[in-house]
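Student: I should like to learn how to read the features of a structural model, one at a time. Could we go through it together?

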Amino acid sequence: MAFASLRRLAFAAILSAAALTAHGALAAAAAPEPDRTVDMATVLKPGTLPELSIGDAAGLPMIEYGSLTCPHCAAFSREVLPELKKDYIDTGKVRYIFREFSRNPLDVAAFVLARCVGDDKALAAIELLFSEQDKWAFVDKPLEPLIAAMRPTGLSHDQAMACLKDQSKVDAVAAIGKRANDEIKLTGTPTFVIDGKVYGGELSMDQLRAIIDPLVKK
């Protein structure tokens with residue numbers, strides 16, 4: 001009898017563990033609640049600078065507002081964006097748009113330098129700066145390390161210094177952040193806008209799948 005009771009208890013424990021695992025899987029697959037909703041058509045209107053985007057123009061628009069001195073934004077760029085590209089952007093399901101949100105003067109300088117290599121190359125430059133973030137963003141004198149981080153783009157030191165003096169470009173980059181504050185009440189980075197819903201904070205790939213999959217054609 002004691003042996004049979006132990007078997008029943010063990011079986012019940014296995015069932016409970018399986019139920020907890022299934023519940024955890026379901027929870028992981030659930031889409032996060034948005035912080036607020038906005039008018040997507042308004043948010044998608046052209047801004048002060050050409051849009052930095054990749055993917056089919058007919059794909060589901062997904063906007064990321066990011067800061068180049070934000071560690072969570074850098075983590076998203078390194079760890080999540082490659083998978084998002086492979087599964088959703090390269091397949092034409094999603095049009096990914098990156099918008100510069102400057103939290104400080106160093107962000108402005110970094111974004112201006114990224115724009116100076118050409119609007120068509122700026123997104124690649126931003127990804128490069130994210131990958132090198134620890135070398136320039138958190139040091140006492142960041143300007144020279146920032147310019148050094150841009151060298152693989154072909155931007156020389158003299159070109160970089162001249163670019164940073166382009167007040168029209170500085171103002172245009174700053175205007176993107178002001179617009180984000182006005183339109184979506186952005187409070188931190190990264191912030192994502194998908195289908196008129198605003199999600200603050202870094203999103204995992206599982207969370208993005210849960211948000212995107214119901215909105216795109218399989």
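**Reading the model**

Tutor: Let us begin with one pair of residues: proline 61 stands opposite arginine 95 in E4. Before going further, note that this is a predicted model, in which local features need pLDDT of at least 70 and side-chain atom pairs count only at pLDDT 80 or more, while totals for chains, interfaces and linings use all residues. Residues are numbered from 1 along each chain as its sequence is written, and side-chain values use heavy atoms, with hydrogens and water left out.

Student: How many helices and strands does the chain have?

Tutor: Helices (H or I, at least four residues) and strands (E, at least two) are DSSP runs, numbered from the N terminus. On that basis the chain has 10 helices and 6 strands.

Student: In what order do the strands of the sheet lie?

Tutor: In general, strands of a sheet pair through backbone hydrogen bonds, either parallel or antiparallel. Here two strands are taken to pair if DSSP finds at least two bridges between them. The result is an open sheet of 6 strands in the order E1-E6-E5-E3-E4-E2, with mixed pairing. Strand E1 (36–37) and strand E2 (52–54) each have a single partner strand and stand at the edges, so one side of each is left without a neighbour in the sheet. Helix H5 (residues 122–131) packs on the sheet and touches E2 and E4, its direction making about 95 degrees with that of E2. For such angles, axes are lines fitted to C-alpha atoms, for helices over the stretch in contact, and angles run from 0 to 180 degrees between N-to-C directions. Contact means heavy atoms within 4.5 Å.

Student: Which strands pair with E4, and in which sense, parallel or antiparallel?

Tutor: Strand E3 (residues 60–66) runs parallel to strand E4 (residues 94–100), and 7 bridges join them. Leucine 60, for instance, stands opposite valine 94 in E4. E2 pairs with E4 in the antiparallel sense over 3 bridges, and leucine 52 has phenylalanine 98 in E4 as its bridge partner.

Student: How many residues of E4 are buried?

Tutor: Buried means under 20% relative accessible area, exposed over 50%, and partly exposed in between (1.4 Å probe, protein chains only). E4 is mostly covered, since 6 of its 7 residues are buried. Across the chain, buried residues make up 42% of the 218 residues.

Student: Which residues touch the most other members of the largest nonpolar core?

Tutor: A nonpolar core is a set of buried Ala, Val, Leu, Ile, Met, Phe, Trp, Tyr and Cys residues joined through side-chain atoms within 4.5 Å. The largest has 54 residues, of which Met62, Leu84, Trp136, Leu208 and Ile212 touch the most other members. Apart from it lies another core, of 12 residues, including Met40, Val43, Leu186 and Val193. Returning to isoleucine 212, its contacts beyond four places in sequence are Leu60, Met62, Leu84, Tyr88 and Val94.

Student: Where is arginine 36 found, and what does its side chain reach?

Tutor: A polar contact is a pair of N or O atoms within 3.5 Å; within protein, one must be able to donate a hydrogen and the other to accept it, and residues adjacent in sequence count only if both atoms are side-chain atoms. Arginine 36 is found in strand E1 and is partly exposed, with a relative accessible area of 24%. Its side chain reaches the backbone oxygen of isoleucine 184 at 2.8 Å. Arginine 36 and isoleucine 184 are 148 residues apart in sequence, yet 8.3 Å apart in space, C-alpha to C-alpha. Arginine 179, in helix H9 (residues 167–184), offers a further case: its side chain reaches the backbone oxygen of threonine 42 at 3.2 Å.

Student: Which cysteines form a disulfide?

Tutor: A disulfide is a covalent bond between the sulfur atoms of two cysteines. Here the criterion is a pair of cysteine sulfur atoms within 2.5 Å, and the count comes to 1 disulfide. Cysteine 116 and cysteine 163 form it, with their sulfur atoms 1.4 Å apart. The link is right-handed, with 75 degrees about the S-S bond. The pair links distant parts of the chain, with cysteine 116 in helix H4 (residues 105–116) and cysteine 163 in helix H8 (residues 157–164), 47 residues apart. Cysteine 116 is partly exposed at 25% relative accessibility, whereas cysteine 163 is buried at 7%.
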